[in-house]
Amino acid sequence: MKLLYTPNSPYARKVRIVAIEKHIELELQEVVLGDPDSPVAHYNPLGKVPTIVFDDETALYDSRVIVEYLSARTPVNHLLPSEHKLKIEVLRWEALADGVCDAAVAIILEQRKPEAQQSEAVLTKQRLKVEAGLAALNKDISKKKWCVNETFSLADISVGCLLGYIDLRLKQLNWQDQYPNLAKHFTILSKRPSFKETMPTPN
């Protein structure tokens, strides 16, 4: 299996961490999405990462589908609980973390436009989503080491990837001061080898 990815995509990082935690070997192919020769569009009509390409040239996307596939591939480290109620709870955490990520990415894309073309209304709308999502996650993780059932799971991976992206791209939010429960959780997650190996880098 080959993973098409960009180093600082929080969604691709989630896939990479799941693969590491599950001891699944992936061939990593870094891509540049704006490059006209990028192979992503050939395999994913949405032109997004992460995309998994199999030996028969079929592909799998997006991150939620890929991690579901990887989670069921081996019995090592059950990142998705078998009990339906707990699994739904994990997926809810993932959905919220991914949704906050979507809003954060929207802010970055808007800020990359020439200043005269930026919409303050768009920035405010997305910033409110980020703040509301982080507040909800901060409240839910209160007094817990792990997000769901006191067991490391996909929920923790999703939250950790979100926080890594916020820490990289939106430091001006001072999120670690505003959301101390998340800051504590982030510190715990950042010590795991899978998180260290996939750490995003400023660019």
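H185 counts as buried, at 2% relative accessibility. The model is predicted. In it, H185 sits in helix α8, which spans residues 180–190. Two further topics follow: a pocket with a volume of about 750 Å³, and the packing of α1 against α4 at an angle of about 145°. Backbone features close the briefing.

**Buried H185**
- Residues within four places in sequence are left aside here; beyond them, H185 is in contact with I141, K145, W146, C147, D156 and V159.
- The relative accessibility of H185 is 2%, which is under the 20% limit, so the residue is classed as buried.

**Largest pocket**
- The volume of the largest pocket is about 750 Å³.
- Its lining is made up of 26 residues. Nearest the centre of the pocket lie S9, Y11, L33, V49 and V105.
- Four elements each give two or more residues to this lining: α1 (10–21), α3 (63–73), α4 (84–111) and α6 (154–169).
- α4 gives the most, with five residues.
- By class, the lining holds 12 nonpolar, seven polar and seven charged residues.

**Packing of α1 and α4**
- Both α1 and α4 are among the elements that line the largest pocket.
- The two helices pack at an angle of about 145°, and their axes are 10 Å apart.
- From α1, the contact uses P10, Y11 and K14. From α4, it uses E94, D98, C101, D102 and V105.
- Four residues of this contact are nonpolar and four are charged; none is polar.
- Y11 and V105 take part in the helix contact, and both are also listed nearest the centre of the largest pocket.

**Buried K22**
- K22 lies in the loop between α1 and β2 (27–30).
- K22 counts as buried because its relative accessibility is 1%, under the 20% limit.
- Apart from neighbours within four places in sequence, K22 is in contact with L70, S71, T74, P75, V76, N77 and L79.
- A polar atom of the K22 side chain lies 2.5 Å from the backbone oxygen of T74.
- K22 and P75 are 53 residues apart in sequence, yet their C-alpha atoms are 7.9 Å apart in space.

**Positive phi outside glycine**
- H23 is not a glycine, but its phi is positive, at about 60°.
- H23 lies in the loop between α1 and β2, as does K22.
- H23 is exposed, with a relative accessible area of 62%, whereas K22 is buried.
- N77 is also a residue other than glycine with a positive phi, of about 50°.
- N77 is found in the loop between α3 and α4.
- With a relative accessible area of 37%, N77 is partly exposed.
- N77 is one of the residues in contact with K22.

**Cis peptide bonds**
- The peptide bond from V49 to P50 is cis, with omega near 5°.
- P50 has its place in the loop between α2 (40–43) and β3 (51–53).
- V49, on the other side of that bond, is one of the residues nearest the centre of the largest pocket.
- The peptide bond from Y61 to D62 is cis as well, with omega near 0°.
- D62 is in the loop between β4 (59–60) and α3.

Methods:
Residues numbered from 1 in each chain as written. Predicted model: local features only at pLDDT ≥ 70, side-chain atom pairs only at ≥ 80, totals over all residues. Heavy atoms only, no water. 1 Å grid on protein atoms, 1.4 Å probe; cavity = no way out; pocket = protein on both sides within 12 Å on 5 of 7 lines; lining within 4 Å. Points joined across faces, edges and corners; volume = space filled by probe spheres on them. Nonpolar A, V, L, I, M, F, W, Y, C, P; charged D, E, K, R; others polar. Axes fitted to C-alpha atoms, helices over the stretch in contact; angles between N-to-C directions. Contact = heavy atoms within 4.5 Å. Buried < 20%, exposed > 50% of the residue type's maximum accessible area, 1.4 Å probe, protein only. Polar contact = N/O pair within 3.5 Å; in protein donor to acceptor, adjacent residues only side chain to side chain.
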